[in-house]
Amino acid sequence: MSGAKPRLTTAAMIASIASEGQKTKAAPFGHALVALAETRPEIVGMTADLAKYTDLHIFAQACPDRFYQMGMAEQLLMAAAAGMAKEGFTPFATTYAVFAARRAYDFICLAIAEENLDVKVVCALPGLTTGYGPSHQATEDLAIFRGMPNLTIVDPCDALEIEQAVPAIAAHRGPVYMRLLRGAVPLVLDEYGYRFELGRAAMLRDGADVLLISSGLMTMRALEAADALRKDRIEAAVLHVPTIKPLDEATIVAAAAKSGRPVVVAENHSVVGGLGEAVAGALARSGIAARFRQVGLPDAFLDAGALPTLHDRYGISVSAMTTTLREWL
Amino acid sequence: MSANAGLPNEPSLAERARRIRRNALRMGEIQGQGYIAQALGIADVLAVSYFHALRYHADDPHWEGRDRFLLSCGHYAIALYAALIEAGIIPEPELETYGVDDSRLPMSGMASYTPGMEVSGGSLGQGLGIGVGMALGLKRKHSGARVFNLMSDGELGEGATWEAAMSAAHWKLDNLVCIVDFNNQQADGPSTQMLCSEPLEAKWDAFGWFAQRVDGNDIDAVREAFDRARTLDEAKPRVIICDTRMACGVPFLEARERNHFLRVAPEEWQKALRIIEAEAAP
Ligand SMILES: Cc1ncc(C[n+]2csc(CCOP(=O)(O)OP(=O)(O)O)c2C)c(N)n1
Ligand SMILES: [Mg+2]
């Protein structure tokens, strides 16, 4: 029988994206939605057996009569959210990114997006944010959703941005897909005097040697990588692009056109069909032939394992990203 | 053939279930948390499956004549690994690697990782449909093998389950057995409060299935239900709804509320293991 075993540090359950000692905020989405709901009586919360795991339980506790537990039925969740919207309500519908993108796609597409209905699809576990393996790793959610007409897509970086994005996506009339970081979410952008604006990219720091373009949690990694590169006398600019669609092409093109610096797009997503290819298309259409690279997940079904291990393995940890950038530059 | 051919020195099904619980607890201890309550709850059903009902060769998990056991609820992998270890399909020392990087035993069951794991079931609600196809395929090959699909009660919420249920009856799949673990638990709370599927037996019956509902922690009742499902001479699929108790066999864990994903303190794993060890046949 096993005695007192040393705690394994490589356990699959290490699933936090916060690094040691990083400032965090608890359940920013849930709290922001509760605050917003006070003045927006038409907002309702809906989920498919994942309230606790999408921070919607905060809303369910605060506004029990405006919360709809639909059971583990993602297709129903999206169809019913469409129905609610047709009756004048604004549902925030939550599940995991894989189940919205893969299982419920057709329902989001036809029942919600085609009629431009006011449904906000908010999904935890975007990209590679769980070690559970391909069933839970939404490595291609952006690729799937970018092709959907009418849909606005948001990939917030941290707790501050989630708090600000919630009222902003509610103010926008029409369907939105938002990638969600849940639980203890890192707080980073408060140090940059940042304000989220739907549809706008923001230059968080400038630098002449390389332009890092990123979204979601990769923006905090890009900022850390930029710090690390400074020690090698490489000055990196970081352009944060929280709205994936519609893409702020003007800001991206202007930043890439400046000083002929190479462009690296970093995303918590497959290199196929995400921000990287969206940026590449924008640059090509504008006739900008910058040196171009992607830091992103390979076009493959990824391994199961501990999240830090996997982020290193697939090149999206700060250290893996910094190493790659040093090699390229 | 099944590892249990009723030989006089064979451990009883109750002893098999006890060892499955022990294996599961030892794996749970590695991670310190997880789907241990489900594993303890379904151990009796797995004991009957692997030591009474299923035909397989432990040394050849891909044997063409095997009965196919699909773990639709992939997060129950810890339970199935515990049974596969007891069945000799996975070597016992490997349980130390449960959920560890590069292990063959990931937290969510995947066919490409583990011998004896027929499907990758983490996206819930897919198993029964795959089972329909395998049952059709086996009939096409004139194989006498059966398909057993184990699903959780949460999967009853997925529309795909009922598409498959209707299809199985349409195709008269008498070689398909569906086992529903009715533990009345889902991620957010009790299943009956999430999306109530009752009256469940009547539903399956109306869908054209031979339906039985038993206490899933009463080994004799489970064994008899499996026997009826296997011997029924009617051209229809069979479902066994098993009412199980989360964490069955470890009272202090059974008493916990919210037990979809249990966090268990280090000393509590040993306490739980001692309770299970104490039940060992002398
Ligand atoms: C299609 C799908 N939706 C959601 C999930 C997330 N999820 C994992 S387990 C679970 C609970 C489902 O109920 P059940 O399997 O009965 O839970 P348990 O008995 O294990 O507590 C959920 C919602 C999933 N894995 N697959
Ligand atoms: Mg259940």
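Donors here are N, O and S atoms within 2.8 Å of the metal. I keep that cut-off at hand for the first entry. The model I am reading is predicted.

**Entry: the magnesium ion**

I looked up what holds the magnesium ion (ligand 2). Its protein donors are Asp153(B) through OD, Asn183(B) through OD1 and Gln185(B) through O. They lie 2.0 to 2.2 Å from the ion. Along the chain I read their spacing as D-x29-N-x1-Q. Water is not among the atoms, so the site may look incomplete.

Next I asked whether two of these donors are buried or exposed: where do Asn183(B) and Gln185(B) stand? Asn183(B) has a relative accessible area of 8%, so I note it as buried. Gln185(B) comes out at 13%, so I note it as buried too.

**Entry: ligand 1**

How many residues surround ligand 1? I find 21. The closest are Glu74(A), Gln38(B), Ser152(B), Asp153(B) and His260(B). Asp153(B) is thus in this list and among the magnesium donors. Chains A and B both supply residues around ligand 1, so I record the site as shared between chains.

I sorted the shell by class. It has 11 polar residues, five nonpolar and five charged.

Then I went through polar contacts. Ser152(B) puts a polar side-chain atom 2.6 Å from an oxygen atom of ligand 1. His260(B) has a side-chain N or O atom 2.6 Å from an oxygen atom of the ligand. At Leu124(B) a backbone N or O atom lies 3.1 Å from a nitrogen atom of ligand 1. Taken alone, ligand 1 exposes 580 Å², and the protein buries 98% of that.

**Entry: the cavity**

I searched for cavities of 30 Å³ or more and found one. The largest cavity has a volume of about 40 Å³. Which residues line the largest cavity? From chain A I list Gly71(A) and Met72(A). From chain B I list Asp153(B), Gly154(B), Leu156(B), Gly157(B), Gln186(B), Leu195(B) and Ser197(B). By class the lining has five polar residues, three nonpolar and one charged. Asp153(B) turns up again, now in the lining.

Note on methods:
Residues are numbered from 1 along each chain as its sequence is written. Chains are lettered from A and ligands numbered from 1 in the order in which they are written. This is a predicted model: local features need pLDDT of at least 70, side-chain atom pairs count only at pLDDT 80 or more; totals for chains, interfaces and linings use all residues. Side-chain values use heavy atoms; hydrogens and water are left out. Donors are N, O and S atoms within 2.8 Å of the metal (3.2 Å for Na, K and Ca); water is not among the atoms, so sites may look incomplete. Buried means under 20% relative accessible area, exposed over 50%, partly exposed in between (1.4 Å probe, protein chains only). A residue is near a molecule or strand if one of its heavy atoms lies within 4 Å of it. A polar contact is a pair of N or O atoms within 3.5 Å; within protein, one must be able to donate a hydrogen and the other to accept it, and residues adjacent in sequence count only if both atoms are side-chain atoms. Accessible areas come from the Shrake-Rupley method with a 1.4 Å probe; for residues, only the protein chains shown count as cover. Ala, Val, Leu, Ile, Met, Phe, Trp, Tyr, Cys and Pro count as nonpolar, Asp, Glu, Lys and Arg as charged, and the others, Gly among them, as polar. On a 1 Å grid over the protein atoms alone, a cavity is a set of points where a 1.4 Å probe fits but cannot get out, and a pocket is an open set with protein on both sides within 12 Å along at least five of seven lines; lining residues have an atom within 4 Å of a point. Grid points are joined across faces, edges and corners, and a volume is the space filled by probe spheres set on the points.
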